[in-house]
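Me: I am new to this structure. Can we go through it in short questions and answers?

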Amino acid sequence: MEKDEFFLKRIRELANLSWQRDIVTFSDFLNLNEQNIVSSLKHQFPQIVMETSGGYENAERQMVAFHPDALAFTWEYPIDCLRIEPKALKFSEELSHRDYLGALLNLGVDRSVIGDIVVQKKAAWFFCQNKMTEFFLENLCRVRHTNILITKVEDSDEFPRPVLEAVSGICASVRLDSLISLAFKTSRSSMASYIEGGQVFVNGKLITSNGYEPKDGDIISVRGKGRFIFDGVSHQTKKGRCSVRIMRYV
């Protein structure tokens, strides 16, 4: 409870500071639950615009920018993208998201200064607060037993692009629990605890109803499982069931 109260206090401070000084203020990188809390506070600050970015398209962990609705100057998010690759590809290990995150946190930094980590083949990209960039460049030398090279990505065209896997199947109806069970190849009943336990978000909004019906294009995230895009219903079967298609982030 104390942690939640501190978080709420910090968000209110950032919003008020932006209004009082006519400046842009930024949160740390927030998880989906924290983003949902911030969204619920918007009505308390009608004079403040709250925007989010994680550094690239459809990022899960995002930073919130607070600024007056009549701000007269341009600004940028204080986010950098860093790329990690093995020094010697021949001797490198198979490294997972957990391995990269563990190596970063072992440097003694807080999770809140790090955004998404995108792992593709033998390389990884991660987003961080730009005040931490030099620290990571100087201190991150190894992930598990693999010696690595780390560089700042200057061109946004070289940022990672999400890899999506098409999954299709038959559902009785377009319910949240049905879509999640299809995406992660498990039973609807096993997903009920995730939904009711506050682990499921649709477009960053917490959803706790099993019967919620997502719309085409909605991004559904399940903490501890992954996320996917609901790509819609292709057709109905003769028995009235729905043939649906989703695009799962790999």
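Me: Is Asp99 buried or exposed?
Reply: This is a predicted model, and the answer is computed from it. The cut-off for buried is under 20% relative accessible area. Asp99 has 17% relative accessibility, so Asp99 counts as buried.

Me: Which side chain meets Asp99 in a salt bridge?
Reply: Asp99 lies in helix α3, and its partner is in the loop between β7 (142–143) and β8. The pair ties together parts that are 45 residues apart in sequence. The partner counts as partly exposed because its relative accessibility is 46%. The N to O distance is 3.8 Å, and the partner is Arg144.

Me: How many salt bridges does a search of the whole structure find?
Reply: Side chains of opposite charge can pair when their charged atoms come close. Glu60, Asp116 and Arg227 are linked in a network of such bridges. The search of the whole structure finds twelve.

Me: How many residues apart in sequence are the parts that Lys122 and Glu94 tie together?
Reply: Lys122 forms a salt bridge with Glu94, with the closest N and O atoms 3.2 Å apart. Lys122 lies in the loop between β5 (114–120) and β6 (123–129). Glu94 lies in the loop between β4 (79–86) and α3 (97–105). The parts tied together are 28 residues apart.

Me: Is Glu94 buried or exposed?
Reply: Its partner Lys122 counts as partly exposed at 28% relative accessibility. The cut-off for exposed is over 50%. Glu94 has 62% relative accessibility, so Glu94 counts as exposed.

Me: How many residues of helix α5 are buried?
Reply: Helix α5 covers residues 176–183 and is mostly covered. Leu176, Leu179 and Ile180 are among its buried residues. The cover includes β9, α6 (188–196) and β12. The number of buried residues, out of eight, is eight.

Me: What is the relative accessible area of Asp177?
Reply: Asp177 forms a salt bridge with Arg188, at 3.5 Å from N to O. The pair links distant parts of the chain: Arg188 is in helix α6 and Asp177 in helix α5. Arg188 is partly exposed, with a relative accessible area of 38%. Asp177 is buried, and its relative accessible area is 4%.

Me: Is Asn210 buried or exposed?
Reply: Asn210 lies in the loop between β11 (205–206) and β12 (219–222). Asn210 touches residues including Arg175, Asp177 and Ile195. Its relative accessibility is 18%, so Asn210 counts as buried.

Me: Which residues gather in a patch of negative charge on the surface?
Reply: One of them, Asp155, is in the loop between β8 (146–152) and β9 (164–171). Asp155 is partly exposed, with a relative accessible area of 35%. The patch is made of Glu154, Asp155, Asp157 and Glu158.

Me: How far apart in space are Glu138 and Cys171, C-alpha to C-alpha?
Reply: Glu138 is found in helix α4 (residues 133–139). Glu138 counts as exposed at 58% relative accessibility. Glu138 and Cys171 are 33 residues apart in sequence. In space, the distance is 51 Å.

Me: What percentage of the protein chain's residues count as buried?
Reply: The chain has six helices and 14 strands. Its C-alpha atoms fill a box of roughly 60 × 55 × 35 Å along the principal axes. Of its 250 residues, the buried share is 45%.

Notes:
Residues are numbered from 1 along each chain as its sequence is written. This is a predicted model: local features need pLDDT of at least 70, side-chain atom pairs count only at pLDDT 80 or more; totals for chains, interfaces and linings use all residues. Side-chain values use heavy atoms; hydrogens and water are left out. Patches are made of residues with over 30% relative accessible area and no salt bridge: like charges are joined within 9 Å, nonpolar side chains (Val, Leu, Ile, Met, Phe, Trp, Tyr) within 5 Å. Accessible areas come from the Shrake-Rupley method with a 1.4 Å probe; for residues, only the protein chains shown count as cover. A salt bridge is a side-chain nitrogen of Lys or Arg within 4 Å of a carboxyl oxygen of Asp or Glu. Lys and Arg count as positive and Asp and Glu as negative; His and the chain ends are not counted. The place of a charge is taken as NZ of Lys, CZ of Arg, CG of Asp or CD of Glu. Helices (H or I, at least four residues) and strands (E, at least two) are DSSP runs, numbered from the N terminus. Buried means under 20% relative accessible area, exposed over 50%, partly exposed in between (1.4 Å probe, protein chains only). Contact means heavy atoms within 4.5 Å. Lists of a residue's contacts leave out its neighbours within four places in sequence.
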